[in-house]
Amino acid sequence: MNALRGPWLPPERGKAPYLWTLSLLFMLWKYAYVRIGLVELVLLVMTVLAFYVAYFNSFWHSNLRALPQLLFVLAMGLVWAPSNPGASNFFIFAAAMCARIERKRYAYLGIVLVVVCACLIAPYVSLKINFLVPVLLVGAPVGAACITEESLRRSREQLIRKQEEVAHMARIAERERISRDLHDLLGHTLSMITLKAELAGKLLQRDPQACRNEIRDIEHTARQALSEVRSAVTGIRQTGFSHELATARASLAAASVGLTEDVEPCALPATLESVLSLALREAVTNILRHAGASHCEVRMSLESGMVVLRVRDNGRALPDGGAIEHGNGLRGMRERVAALGGRLALRVDRGVALELSLPMGGAA
């Protein structure tokens, strides 16, 4: 029952293939002047039903999997041709079904074989002209047209799949961007909140007023982080470098880390400024979390058309042979810098020195 309900054809095929099957009515032309017997009528009905099954089933297959249906329709044409010239319709449908073969060379070869089979059976047909003319004048052009149509349909499907793949990759890239930005935002902010919360706990008994000030700072920082997270998710956040530097200054001061800054004032494109701001944020976050430093240097300058940001601390050195662990933050920083055609270098020497170079023209 499910087979009877359908769908008998893939939805993208439309209704045209149903209409094409009406051409089988030409098989009834013989019976306008010849009386049909009961056995022949039963065989004709069974043949038409079998044809419908093979024909509609062929639309769901291609290449070798469609070959049995094609050969079955061709065989019906060969069987019925000697007794009914209208069997030329089966040859026309077989030529059209050659389009299921994806390689055009083999598809056209299939049409040639169908026409050759029609020519071979023609001597045994009572009305040769009525049989051969439709096959030669209709079958071959219809087969060629179906091959062209199938080729265009496959090209459209491949284009749609590629567009879907590009859209999927764009979604993945956007998720990675949001992931990197959220990591940079929350990592830095939560580190700052943790430091201030620890400081507030220490000041609770000694200086309640200072404790209240720290708690207010925690509340302000949390609200600001919430706003930045919302902006990052919608992709509209534009972090100014001067604002980020001020935030870094406050965070380092709260952790009792001295700061030396030497920032050359310059007008930066928004894209470069955002990458530099996030890089500074990640560097300061790593200093607060891992370095155990007492002093930090932040320098930014223009050098031969490149914006160069240097961040250095005097934290504890890595053990001999140790290497810097590249977590999500550093990987995200490298990806953003590489996307703008820049360079990122890390050096360990009585602390960690980060050097980031971006071309001014990379904002495009």
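**A walk through the sheet, the salt bridges and the cores**

In strand β5, the bridge partner of R343 is S357. This pairing belongs to a predicted model, and it is a convenient place to enter the structure. R343 lies in β4, which covers residues 343-348, and S357 lies in β5, which covers residues 352-359. The two strands run antiparallel and are joined by 6 bridges. Together β4 and β5 make a hairpin with 3 residues between them. In that turn sits R350, whose phi is positive, at about 50°.

The hairpin is part of a wider arrangement. An open sheet is formed by 5 strands, in the order β1-β2-β3-β5-β4, with mixed pairing. At its edges are β1 (258-263) and β4, each of which pairs on one side only. On average, neighbouring strands in this sheet are turned by 10° against each other, direction ignored.

Elsewhere in the sheet, β2 (residues 295-303) and β3 (residues 306-313) run antiparallel, with 8 bridges joining them. One of the pairings here is between E303 and M306, the latter being the bridge partner in β3. Two helices pack on the sheet. Helix α9 (residues 241-254) touches β1, β2 and β3, and its direction makes about 165° with that of β1. Helix α10 (residues 270-291) touches β2, β3 and β5, and its direction makes about 10° with that of β3.

Next come the charged side chains. The structure holds 9 salt bridges. One of them joins the side chains of E261 and R249, at 2.8 Å from N to O. This pair links distant parts of the chain, since E261 is in strand β1 and R249 is in helix α9, 12 residues apart. E261 counts as partly exposed because its relative accessibility is 35%. R249 also counts as partly exposed, because its value is 38%.

Another salt bridge connects two strands of the sheet. R310 pairs with E355, and their closest N and O atoms are 3.2 Å apart. R310 belongs to strand β3 and E355 to strand β5, with their positions 45 residues apart in the chain. With a relative accessibility of 30%, R310 counts as partly exposed. E355 is likewise partly exposed, with a relative accessible area of 30%.

Salt bridges that share partners also join E150, R153, R154 and E157 into one network. Within this network, the side chains of R153 and E150 meet at 2.9 Å, N to O. Why are R153 and E150 separated by about one helical turn? They are 3 residues apart in helix α7 (residues 128-206), so about one turn separates them. Both R153 and E150 are buried.

The last topic is the nonpolar side chains. In soluble globular proteins, such side chains tend to be buried together. Here the largest nonpolar core has 40 residues, and those with the most contacts inside it are F51, V73, F90, F91 and F131. The elements giving two or more residues to this core are α3 (38-58), α4 (67-80), α5 (88-97), α6 (104-121) and α7. Helix α5 supplies the largest share, 7 residues. To see one residue in its surroundings, take F51: leaving aside residues up to four places away in sequence, F51 touches T21, L24, V73, M76, F90 and F93. Apart from this core lies another, of 31 residues, which includes A293, M300, L330 and V337.

Notes:
Residues are numbered from 1 along each chain as its sequence is written. This is a predicted model: local features need pLDDT of at least 70, side-chain atom pairs count only at pLDDT 80 or more; totals for chains, interfaces and linings use all residues. Side-chain values use heavy atoms; hydrogens and water are left out. Two strands pair if DSSP finds at least two bridges between them. Helices (H or I, at least four residues) and strands (E, at least two) are DSSP runs, numbered from the N terminus. Axes are lines fitted to C-alpha atoms, for helices over the stretch in contact, and angles run from 0 to 180 degrees between N-to-C directions. Contact means heavy atoms within 4.5 Å. A salt bridge is a side-chain nitrogen of Lys or Arg within 4 Å of a carboxyl oxygen of Asp or Glu. Buried means under 20% relative accessible area, exposed over 50%, partly exposed in between (1.4 Å probe, protein chains only). A nonpolar core is a set of buried Ala, Val, Leu, Ile, Met, Phe, Trp, Tyr and Cys residues joined through side-chain atoms within 4.5 Å.
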